[in-house]
Amino acid sequence: MNRRSILIALAAAALLAAAAFMAVRVMMTPPDGLDLARSKASARGLYAVTIAPEKEPLEQGPLHSWILTLKTPDGAPVEGATIAVGGGMPQHGHGLPTQPQATAYLGDGRYRIEGVRFNMSGWWEFTFDIKAAAGDDRVVFNLAL
Amino acid sequence: MRKRLIPILLALAGLTACQPEEFTDAEKATIASLSLSALPPLPADTTNRVADDAAAAAFGATLFFERRLSRDGTVACATCHLVDRQFQDDRPRSVGLAMTDRRAMPLAGVARAPFLFWDGRKDSLWAQALGPLEDAREHGGTRAAYAHFVAATFRDRYERIFGPLPDLAGVPAAASPLGSDAESAAWEAMPDDKKREIDTVFANLGKAIAAFERTIVHQPTRFDRFADAVAAGKAPEGDAALSEQEVYGLRLFIGRANCVTCHNGPRFTDDHFHNTGVPPVDGLPDDTGRAAGAKKVLDDPFNCLGAYRDGSEEACGELRFMVSQGEELERAFKTPSLRGAAARPPYMHSGQIATLADVVDHYVRAPASVSGHSELKPLKLSDRERAALIAFLGTLAE
């Protein structure tokens, strides 16, 4: 190798290292401009969904519950829905550490979601598959811890 | 010519390794979250009505050191959980009546863990204690034998805490559903209500031991003093100071090395299970970790949903909402606390890794798991960075 090719190789290696460094850095923090809204329309627009933790502030670590409020787009409470809960950390490629469930209907379109835990800080997806009279639909919320 | 490039290389490495003087607000918040001062008060354990009873804790301490609580009078909990060794035994794999398949876990702060053992096959401290007592390679005794022993030796202490012992006339000297063929047969031959009475005594021994274990806590370290100073906006001085190298290691730990994703909170554990590609030990039975542990805790008659829990089912959230199947459980093991870790090699669930340098090397390489998927991604760490990480871990052990 002559001097020039060594320098080029070095520069390339430094660039690669810097890129790897950035990649790891970026992986840790939620992406900029992530939609953190806690009220949304479901994917097909069948429902208006709002979620809120039973206790604020949201804490990393302890098992806790959320309240999901399910309405039609024109604001009527949706009763008798079956709600499957899922989610995970897109940047780490793993799911939720627990298997939360909708355990009670509290009236007025409100459902208790029990057994939620976030064991790491970062970007979490919180997904609800909803089956009710108007049809099947899904809504995905982003949380940044 | 090539030799002259080395200084350039070093300068390049120095550039990527440069550290700003001040922590960012996000770093400060993470550092504060790792301090023992951030630990909330120990929650009550309503599944154990004597969890915070002083007499029960004292009785539990006696039982913890009691060698007669074993098949041949040689093994106590303290055989593998040594008081002056962070309640562990410094061995790759523990030895009771025979060598076990796993490394003993230190016990400080253990009352805060939702699941016990490397695979989480127990969901309370009191249920956990019953495991080693009947394990053939640990204490090797039977619940019937323990009931007789307590009646003969500790009747008063037991009865002051738990009320009258059952009538043991007709209860075989050794009987347990988990014992030898003869001991299992003796157990099977017992009437159901007697079985239930013996199981209650057995669970109560666990509850006393758990009351004792609740008092085993982490002591503040140099890192905690440093973190508290940083959180208070003061300059860490004297016994709160960290060297430049240690601070650099801390930055890596909470930053680019990603350690804090799993080793988080004041105990440096997320209380969860992860496959980190730690290789199995040759010659041992296949160990799938949480995959097997999740099934075992669901089947355990002493689990939170079983008949021996005190208080209401409300307390059983961890069990009711636990993930019980799926690829992510395969070879996943509980994230161990890193407090004191620097002072207690070897490492990992079966002592697979001998030194901290080798542990860091494992994280740098991030080897694939023999089954399931390791959550680790390879790291780029220079020798200087590896040494800094290790130096930081040292601040958690003094």
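**Helix packing and cores in chain B**

Guide: In this predicted model, helix α6 (residues 143-153) of chain B packs against helix α9 (residues 192-213) of chain B at about 75°, with the axes 9 Å apart.

Visitor: Why are α6(B) and α9(B) called roughly perpendicular?

Guide: Angles of 65 to 115 degrees count as roughly perpendicular. The angle here is about 75°. Therefore α6(B) and α9(B) are roughly perpendicular to each other.

Visitor: Which residues make the contact?

Guide: α6(B) brings B:Arg143, B:Ala144, B:Tyr146, B:Ala147 and B:Val150. α9(B) brings B:Ile198, B:Asp199, B:Val201, B:Phe202 and B:Leu205. By class, 8 are nonpolar, none polar and 2 charged.

Visitor: What makes up the largest nonpolar core?

Guide: The core has 50 residues. B:Phe59, B:Leu63, B:Phe64, B:Tyr158 and B:Phe302 touch the most other members. Helices α3 (54-64), α4 (77-80), α5 (125-134), α6, α7 (155-162) and α9 of chain B each supply at least two residues. The largest share, 10 residues, comes from α9(B).

Visitor: What does B:Phe64 contact beyond four places in sequence?

Guide: Its partners include B:Ala76, B:Phe87, B:Leu107, B:Ile209 and B:Phe212.

Visitor: How do you know that B:Ser35 is buried?

Guide: Buried means under 20% relative accessible area. B:Ser35 has 1%, so B:Ser35 is buried. B:Ser35 sits in the loop between α2 (25-33) and α3 of chain B. Beyond four places in sequence, B:Ser35 touches B:Phe223, B:Asp224, B:Ala227, B:Asp228, B:Pro266 and B:Arg339.

Visitor: What makes the link from B:Ser35 to B:Ser37 a polar contact?

Guide: The cut-off is 3.5 Å between N or O atoms. The side chain of B:Ser35 reaches the backbone nitrogen of B:Ser37 at 3.0 Å.

How values were computed:
Residues numbered from 1 in each chain as written. Chains lettered and ligands numbered in written order. Predicted model: local features only at pLDDT ≥ 70, side-chain atom pairs only at ≥ 80, totals over all residues. Heavy atoms only, no water. Axes fitted to C-alpha atoms, helices over the stretch in contact; angles between N-to-C directions. Helix = DSSP H or I, 4+ residues; strand = E, 2+ residues; numbered from the N terminus. Parallel < 35°, antiparallel > 145°, perpendicular 65-115°, else oblique. Contact = heavy atoms within 4.5 Å. Nonpolar A, V, L, I, M, F, W, Y, C, P; charged D, E, K, R; others polar. Core = buried A, V, L, I, M, F, W, Y, C linked by side-chain atoms within 4.5 Å. Buried < 20%, exposed > 50% of the residue type's maximum accessible area, 1.4 Å probe, protein only. Polar contact = N/O pair within 3.5 Å; in protein donor to acceptor, adjacent residues only side chain to side chain.
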